[in-house]
Amino acid sequence: MKYEKGSLVKLSAQGKKLKQNGDQVGGFGIVIDYIQWTIYPYRLKWFHKKSGGISMFEAKEYELRRMRAKKSK
């Protein structure tokens, strides 16, 4: 398990290329659960950038990457 519960994530470059993730591009998510032996092991609460909505989203590890804090000057 690469991402622990509570981690902030966004779509990786590979995740953005997938048509099934079109609604999630530009948003971010919080890892809610990890279920090891399923097709999409990560369960996320996803916050959409365009619509401002919130939804549940399931993903594989390669579709995600960790969000980093912006450095202040």
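**A conversation about the model**

Colleague: Let me start with one residue: is K5 buried or exposed?
Modeller: K5 is exposed, at a relative accessible area of 59%. Buried here stands for under 20% relative accessible area, exposed for over 50%, and partly exposed for what is in between, with a 1.4 Å probe and protein chains only.

Colleague: Before we go on, what kind of model is this?
Modeller: This is a predicted model, in which local features need pLDDT of at least 70 and side-chain atom pairs count only at pLDDT 80 or more, while totals for chains, interfaces and linings use all residues. Residues are numbered from 1 along each chain as its sequence is written, and side-chain values use heavy atoms, with hydrogens and water left out.

Colleague: Back to K5, then: which side chain does it meet in a salt bridge?
Modeller: The side chain of K5 meets that of D33, with 3.8 Å from N to O. D33 belongs to strand β2 (residues 28–34) and K5 to the segment before β1 (8–11), so the pair ties together parts 28 residues apart in sequence. A salt bridge requires a side-chain nitrogen of Lys or Arg within 4 Å of a carboxyl oxygen of Asp or Glu. Helices (H or I, at least four residues) and strands (E, at least two) are DSSP runs, numbered from the N terminus.

Colleague: And is D33 buried, exposed or partly exposed?
Modeller: D33 is partly exposed, with a relative accessible area of 25%.

Colleague: How many salt bridges does the structure hold?
Modeller: The structure holds two. Besides the pair of D33 and K5, the side chains of E58 and R43 meet at 3.6 Å, N to O. That pair links distant parts of the chain, with E58 in strand β4 (residues 54–59) and R43 in strand β3 (residues 42–47), 15 residues apart. E58 counts as partly exposed at 40% relative accessibility, and R43 counts as partly exposed at 30%.

Colleague: Changing topic, which elements are in the chain, and how many?
Modeller: The chain has one helix and five strands. Read from the N terminus, the order is β-α-β-β-β-β. The radius of gyration is 12 Å, close to the 11 Å from the globule rule for 73 residues, so the chain is as compact as a globular protein of that length. That radius is taken over C-alpha atoms, and the rule is 2.2 Å times the number of residues to the power 0.38. Along the principal axes, the C-alpha atoms fill a box of roughly 45 × 25 × 20 Å.

Colleague: What share of the 73 residues is buried?
Modeller: Buried residues make up 27% of the 73. One of the buried residues is L64, with a relative accessible area of 4%; L64 is found in strand β5.

Colleague: Now the rings: how many aromatic pairs does a search of the whole structure find?
Modeller: The search finds four aromatic pairs. In one of them, the rings of F28 and F47 have their centres 5.1 Å apart and their planes at 15°, so the pair is stacked. F28 lies in strand β2 and F47 in strand β3, so this pair ties together parts 19 residues apart in sequence. Rings of Phe, Tyr and Trp (its six-membered ring) pair if their centres lie within 6.5 Å; planes under 30 degrees apart count as stacked, over 60 as edge-to-face and the rest as tilted.

Colleague: Which residues form an aromatic cluster?
Modeller: Y3, Y34 and Y42 form one aromatic cluster.

Colleague: Where does K60 lie?
Modeller: K60 lies over the face of Y40, at 5.5 Å from the ring centre. The criterion is NZ of Lys or CZ of Arg within 6 Å of the ring centre and within 35 degrees of the ring normal.

Colleague: Last topic: which residues make the nonpolar surface patch?
Modeller: L8, F28 and M67 make a patch of about 230 Å². F28 is partly exposed, with a relative accessible area of 32%. M67 is found in the segment after β5 (64–66) and is partly exposed at 33%. Patches are made of residues with over 30% relative accessible area and no salt bridge, where like charges are joined within 9 Å and nonpolar side chains (Val, Leu, Ile, Met, Phe, Trp, Tyr) within 5 Å. Accessible areas come from the Shrake-Rupley method with a 1.4 Å probe; for residues, only the protein chains shown count as cover.
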